[in-house]
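Good morning, and thank you for joining. I would like to take the group through one structure, beginning with its charged pairs and ending with its loops.

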Amino acid sequence: AYEDVYERQVIPDGYRFIARRDRPGDHRGGVAIIAKDNTKGTDLQVVTTTELTKFTTQGNGPPHYWSCLPPSQVGPPYIQDVCNTITDLQKEFKNSTIWIAGAMNLPDINWNNNTVTTTQYPLSINRFILDTLYDTGLEQVIKFPTRGNNTLDIFMTNHPSLVLKCKVIPDISDHDIVLVEIAPSAPINRPLKRKILLWKDTNLHSLRNTVLNFSSKFVSSNTTQTLSDQPLVTPAPR
C-alpha cells in the first residue's frame, strides 16, 4: 500500500518531502516534491482532480511556487482541469516565479515552434494547452524527446531566463530523466564604473594657462605661408 512507503525508502538522508500526493489504486502512482532539509518550503495543500501540489521556498528574493502534475489519462476533463489550475496559479502569483513540472503525455506538440504535428489526440486538446500557455505567459522548457521520439514531460515557467541547464540523463524507467538547473533569481548586471568629468570641479587657472601656452607655440611655429602650403585634407593612405 502507498501509505506503507516511508520517506527513507525512497529518498536519501539530507532530503525530505515538501509535498506528497499518493494515488492508491492508480498504477501510475502519485507525485512528490523533494528538497534538501535546509530548504524552507511550505505545502500549500492545493489539490485538484489532477492532484496538483505546490510549495514556496523562502529565501533572499521573492518566493517560488512549484506545481507537480502526475501522469494521467489524457482527455478533455484532465486537460481542462490542468489548464484551469495553470490559469489560477498565474492569477494568484502573477508577480512570483512559477514552475510546473510533470508528465502530460502530449506527443502531438512540437515544443520548438509550438505547433501540433500529429493526431494521437484531438486537435482541440493540444490547442487548449498551447492557448493556455500563451494566455498565462508560461513557456515549456523541455524541447527534446523524453520517451522515444516524443516529448512527454513538461517543465513550464514564467521566467525561462532563470533556466541555466536542461538535459536528459540516464533513465530508470520508460521515460528519460530530465535534469533542469535553475537560478534562484535573475543576476543583477551592475553598471561599469566610468569617469565622469564635472565642469564645476575644473581647474580654470590651469586650463587657461594650457590654452595660452598652446596658442603661443602654435603662432610662433606657423605663419600664413606655412599654413597655405598644407593641404586642406590629408590624403588617405593606399
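A salt bridge here is a side-chain nitrogen of Lys or Arg within 4 Å of a carboxyl oxygen of Asp or Glu. With that criterion in mind, consider D201 and K200, whose closest N and O atoms are 3.5 Å apart and which therefore form a salt bridge. Both partners are exposed: D201 has a relative accessible area of 54%, and K200 has one of 68%. Please keep in mind throughout that this is a predicted model.

Let me place that pair in context. The chain has 238 residues, of which 32% count as buried. Its secondary structure consists of 5 helices and 12 strands. The chain exposes about 15900 Å², and carbon and sulfur atoms supply 54% of that area. If one takes the contacts between residues at least 6 apart in sequence, 46% of them join residues at least 24 apart.

I return to the charged pairs. How many salt bridges does the criterion give? The count comes to 4. I shall describe two further examples.

One of them joins R21 to D43, with the closest N and O atoms 3.2 Å apart. R21 belongs to strand β1, residues 15–21, and D43 to strand β3, residues 41–43, so this salt bridge ties together parts that are 22 residues apart in sequence. Are these two residues buried or exposed? R21 counts as buried, at 10% relative accessibility. D43 counts as buried as well, at 17%. Since the limit for burial is under 20% relative accessible area, each of the two values falls on the buried side.

Another salt bridge is formed by the side chains of R127 and D131, at 3.4 Å from N to O. Here the setting is a helix: both residues lie in α3, residues 123–136, and because they are 4 residues apart, about one helical turn separates them. R127 is partly exposed, with a relative accessible area of 30%. D131 is also partly exposed, at 34%.

Helix α3 brings me to the packing of helices. Where does α3 stand with respect to α2? Helix α2, residues 76–92, packs against α3 at an angle of about 0°, and the two axes are 10 Å apart. That angle makes α2 roughly parallel to α3. On the α2 side, the residues in contact are P76, I79, Q80, C83, I86, T87 and Q90. On the α3 side, they meet I125, F128, I129, T132 and T136.

One of those α3 residues, I129, also touches a tryptophan, W111. W111 lies in the loop between β7 and β8, and at 3% relative accessibility it counts as buried. Which residues surround W111, leaving aside those up to four places away in sequence? The contacts are with I129, L130, L133, Q140, I142, K143, T151, I154 and M156. A related distance concerns E139: its C-alpha atom is separated from that of W111 by 9.3 Å, although the two residues are 28 apart along the chain.

The loop that holds W111 also contains a backbone feature that I would ask you to inspect. Most residues other than glycine have a negative phi. N114, found in the loop between β7 and β8 (115–116), has a positive phi of about 55° although it is not a glycine. N114 is partly exposed, with a relative accessible area of 26%.

A second asparagine deserves attention on similar grounds. N105 has a phi near 55°, again a positive value in a residue other than glycine. This asparagine lies in the loop between β6 (97–103) and β7 (109–110). Is N105 buried or exposed? At 17% relative accessibility, N105 counts as buried.

Finally, I turn to the surface. I169, I172, I177 and L179 make a nonpolar surface patch of about 350 Å². Within this patch, I177 is placed in strand β12, residues 177–182. I177 is partly exposed, with a relative accessible area of 31%.

To close, I would single out two places for discussion. The first is the buried pair of R21 and D43, which links strands β1 and β3. The second is the loop between β7 and β8, with W111 and N114. Thank you; I welcome your comments.

Technical notes:
Residues numbered from 1 in each chain as written. Predicted model: local features only at pLDDT ≥ 70, side-chain atom pairs only at ≥ 80, totals over all residues. Heavy atoms only, no water. Helix = DSSP H or I, 4+ residues; strand = E, 2+ residues; numbered from the N terminus. Buried < 20%, exposed > 50% of the residue type's maximum accessible area, 1.4 Å probe, protein only. Patch = residues over 30% accessible without salt bridge, like charges linked within 9 Å, V, L, I, M, F, W, Y side chains within 5 Å. Areas by Shrake-Rupley, 256 points an atom, 1.4 Å probe, with all protein chains shown as cover. Axes fitted to C-alpha atoms, helices over the stretch in contact; angles between N-to-C directions. Parallel < 35°, antiparallel > 145°, perpendicular 65-115°, else oblique. Contact = heavy atoms within 4.5 Å.
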